[in-house]
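Please look over the sequence and the model shown below. The report that follows deals with helix packing and nonpolar cores.

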Amino acid sequence: MFKFSSKFGKQDDVASPRGHIDRYEAGELIGWAFDPDRPDEAISLQIFDGQDLLGEGLADRFRSDLMEAGMGNGRHGFTIRLLMPMDHKKPHRIRLIDAETGQVIRTPEFVLKDSESWLAHIDGVDGCVLNGRFSCENAPNSAIRFAVHIDGQRVGDGEAHWDAEQRNFRFHYQIPGDYFDGMPHIISVALMDHKEGEASCVEVLRPILTPWQYLATDADSSERLYAGLPATVSRRLTTFQSSMRRIVAEGADPDEINNLMTALAVLNEGYEHRKNYPPLALPTVVDPDVSIIIPVHNKFELTYHCIASLILSDNASSYEVIVVDDCSTDKTTEISDVVSNVRVIVNEENLGFLRNCNKAAEIARGRNILLLNNDTEVGNRWLDEMLDVCARFERVGAVGAKLTYPDGKLQEAGGVVWDNGQPWNLGRNGNPHDPQWNYVRQTDYLSGAALLVPRIVWDEVGGLSDEFAPAYYEDTDLAFKIRAAGYRTFYCPHAEVIHFEGMSHGRDVSQGFKKYQTINAPKFCEKWVDAYAHNGRVGEALWRNKDRGVRFRALVIDYATPQPDKDAGSYAAIQEMRLLQAHGFKLTFLPENMAHIGRYTVDLQKMGVECIHAPFYISVKDFLKSRGHEFDLVYITRYEVAERHIGHVREYSKAKVLFNNADLHFLREIRSHLAKGVKDLSGPLATRDRELALMCQVDAILTYNETEQAVIASHNLRDDNIFKCPWVLRARGHKTPFEEREGIAFLGGYRHHPNVEAVEFFVEKVMPKLRAKAKGIRFYIYGSHPPESFDKLAADDVILKGYVESLDDVFETCRVFVAPLISGAGIKGKVLESMSYGVPSVLSPIATESTGLTNGLSAMIADSPDEWVKKILALYNDKDKWSEISGNALRLAQDNYSFEHGWGLMGKALGYLGFFSAKPDAYAIAK
């Protein structure tokens with residue numbers, strides 16, 4: 001550290017800027033600077049060592065000792081990160097300079113204490129943890145403190161501990177999640193009590209830590225593989241790859257490929273200083289899905305760049321582009337010569353953004369109007385993503401894109417209007433990959449820089465209100481008009497648009513079009529005061545106010561993200577989340593493994609579910625500690641998951657806990673032991689004790705099976721808080737007639753042991769008897785993760801099909817479905833799916849539990865191998881009986897497993913916990 005002769009100096013000195021350097025640690029210079037002539041102003045400082053600039057910053061930190069010494073408002077302290085570490089082996093002539101006046105700030109002389117020679121080394125970033133070591137010849141054995149800086153900003157500190165074997169101090173520091181944005185960052189560490197011991201590195205901090213091979217099989221997640229590249233380059237590569245795949249699939253057109261190559265080159269070259277404008281071609285379209293309206297005034301290089309990005313973007317949706325030339329004098333006047341198939345409106349007088357948009361909308365042919373600034377670069381499938389929101393949700397009135405800056409930082413994720421009428425761009429300068437900005441949600445307003453409105457809604461509300469001409473607040477007003485008409489306004493994070501903000505109108509609000517931002521603010525406030533009056537105070541509880549249209553908040557915890565095409569439990573989890581949404585809940589999904597699972601995570605986000613994943617949070621406890629206070633309800637599935645986390649839920653949240661047991665584990669284990677003749681039941685009984693103890697710690701219990709409800713109640717001696725968990729099916733029926741079907745089928749996920757037992761039982765016990773009665777009937781085994789042991793079961797009439805993407809592959813082909821379960825618990829999703837298709841089934845008694853199926857009426861139930869053969873053949877060879885069972889099963893699915901029926905069942909449990917809904921919120925449910 002540095003020693004000084006005095007601290008504050010004499011107060012009767014001639015008034016002039018003065019200061020003090022208190023200490024130097026962790027690469028930072030700490031002190032104060034004060035100008036008596038400007039007692040309440042902060043001095044902008046430059047720090048010199050001789051002729052070398054060491055750093056610069058603002059002396060604006062509050063210190064009570066300065067206040068007590070009579071130094072203005074006390075906000076004159078500074079902590080400035082130096083550009084290079086100070087070497088204790090040479091003298092230093094440190095000067096503080098007022099950067100505005102160039103005046104030297106009087107500072108007492110100092111001397112540098114001798115210190116040990118410390119070395120620092122960063123090993124790298126492992127996951128989200130920075131690792132490294134400090135060493136010194138005469139190092140103490142006690143722990144040492146260090147500070148961490150990222151991009152010059154101090155983010156925290158930690159302790160390095162002595163490693164006797166390696167003879168150094170090892171450190172491990174968890175990097176804050178906000179920095180994992182796919183961009184390179186300068187990371188440095190420095191000891192806090194020593195002048196040396198500093199190291200730095202450059203690391204690309206990836207926003208998704210899931211190993212690439214787990215995402216590589218997911219075509220929709222291919223963009224994740226480029227997360228290490230700069231944001232603009234990676235997104236262009238992804239877009240080009242996607243567009244090329246489409247062109248090749250449709251039959252390669254040389255002109256289209258050349259056009260695409262030109263668009264990519266234009267974007268990579270950038271718009272700055274552009275002199276050449278190679279020809280571009282927009283698509284030819286007669287009946288477009290979307291009319292893209294781009295108002296422009298000069299700055300043709302921006303408009304050209306924007307159009308190139310439209311061409312590069314791969315969309316299934318058709319579009320036309322209408323450019324409104326608002327009295328341009330540059331090359332904009334020649335746009336039709338450079339860009340073919342563009343529709344151009346040329347104004348005789350300057351109309352401004354608002355009237356240009358309304359004018360273009362009058363001639364637009366699209367079923368949707370999309371306003372787009374010319375200072376933008378659109379991302380891949382951006383149109384498809386915005387239209388997907390319209391398709392998924394009811395009464396969508398407007399959809400806004402995620403806006404980012406060119407450097408990859410978030411510019412806007414929708415907007416909030418506070419109770420004083422002040423609008424805020426949500427997420428500004430944040431990490432665009434942060435989970436809180438990456439799910440579809442309702443919001444107060446959406447930027448007109450990239451805004452889609454269905455044509456029918458645009459016409460109904462009258463487009464943009466002329467009272468806000470020529471620009472500013474017109475998009476905010478439009479959102480409020482749309483909601484007043486009974487529609488909803490949604491933010492769509494998967495439609496990504498780079499916005500070169502300020503390029504069109506500048507940033508100075510005192511001149512040009514920008515001045516209307518100030519003029520139109522009071523107009524908006526007066527017009528909509530009743531609509532925003534209860535929106536929350538400025539800046540308070542942003543976690544609550546960024547979501548509109550929700551009554552309650554629920555945290556859903558499970559062991560992993562649902563994969564509904566892989567197992568029935570995942571399908572059920574998705575439906576239960578939809579039911580919670582229909583009861584007015586905003587959902588946050590927290591997987592125990594903290595993994596982003598490609599399209600499965602994205603599918604949830606598109607449903608309107610916030611999905612938590614590493615590196616933004618590293619554990620369930622980490623998340624609960626930070627955000628547990630937000631939730632009214634915690635919905636936990638599976639007793640092992642609940643057992644591990646119920647303590648943290650109770651510690652960090654006041655939420656009610658609704659526990660879904662999925663199935664009664666100890667009952668399944670007992671049944672399996674008994675079926676195999678195992679006498680020792682100590683394992684299942686230990687599971688029973690743990691499972692029932694857990695149920696005593698929650699507020700309410702959901703179970704799929706009435707048998708399980710009775711078992712739980714008999715042990716825990718209460719049944720008032722036990723409710724039937726709904727299962728939702730879409731009773732779709734089948735298309736393939738009896739005559740065109742063949743074989744019998746089983747479907748299951750084979751990480752679930754009862755499904756493995758069922759296949760082995762059927763092949764070993766039933767198939768030999770079936771062959772003896774009727775040769776040529778094949779048994780098809782479908783489902784994910786089949787074990788290697790199945791290979792030896794294969795035969796000419798036992799076919800291993802494995803995973804299928806569509807259930808149609810199973811239920812539109814087989815003649816009879818079988819579920820020969822000899823153990824298990826809960827409800828069987830595979831059986832319910834066969835009902836929804838109206839495919840007759842032969843089932844074991846365990847497989848029928850809680851389904852409502854009746855033997856001989858809506859299904860066949862078999863208990864012994866001989867019964868299995870008899871009842872399979874009764875359905876397989878009798879078309880009339882097959883049709884009777886089919887119709888009865890389908891009607892049962894329609895009556896007992898509809899979404900509306902499930903909503904009522906879920907409502908009983910929620911009502912018990914104090915969450916009441918009068919009717920399903922259809923607008924909040926993703927289809």
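At what angle do helix H20 and helix H24 pack, and how many Å apart are their axes? Helix H20 (residues 753-773) packs against helix H24 (residues 865-876) at about 55°, and their axes lie 9 Å apart; H20 is therefore oblique to H24.

This is a predicted model, in which local features need pLDDT of at least 70 and side-chain atom pairs count only at pLDDT 80 or more, while totals for chains, interfaces and linings use all residues. Residues are numbered from 1 along each chain as its sequence is written, and side-chain values use heavy atoms, with hydrogens and water left out.

| Helix pair | Angle | Axes apart |
|---|---|---|
| H20 and H24 | about 55° | 9 Å |
| H16 and H18 | about 60° | 10 Å |

In the first pair, residues of H20 including Phe761, Phe762 and Val766 meet residues of H24, among them Trp868, Val869 and Ile872. By class, this contact of H20 with H24 has 9 nonpolar, no polar and 4 charged residues.

Helix H16 covers residues 639-652 and helix H18 residues 682-695, and these two helices are likewise oblique to each other. Their contact (heavy atoms within 4.5 Å) is made by Tyr639, Ala642, Glu643 and Ile646 of H16 with Thr687, Arg690, Glu691 and Leu694 of H18.

Turning to the cores, Leu658 and Phe779 touch the most other members among the 92 residues of the largest nonpolar core, whose largest share, 9 residues, comes from H20. A nonpolar core joins buried residues (under 20% relative accessible area, 1.4 Å probe) through side-chain atoms within 4.5 Å.

Definitions and conventions
Axes are lines fitted to C-alpha atoms, for helices over the stretch in contact, and angles run from 0 to 180 degrees between N-to-C directions. Helices (H or I, at least four residues) and strands (E, at least two) are DSSP runs, numbered from the N terminus. Angles under 35 degrees count as roughly parallel, over 145 as roughly antiparallel, 65 to 115 as roughly perpendicular and the rest as oblique. Ala, Val, Leu, Ile, Met, Phe, Trp, Tyr, Cys and Pro count as nonpolar, Asp, Glu, Lys and Arg as charged, and the others, Gly among them, as polar. Buried means under 20% relative accessible area, exposed over 50%, partly exposed in between (1.4 Å probe, protein chains only).
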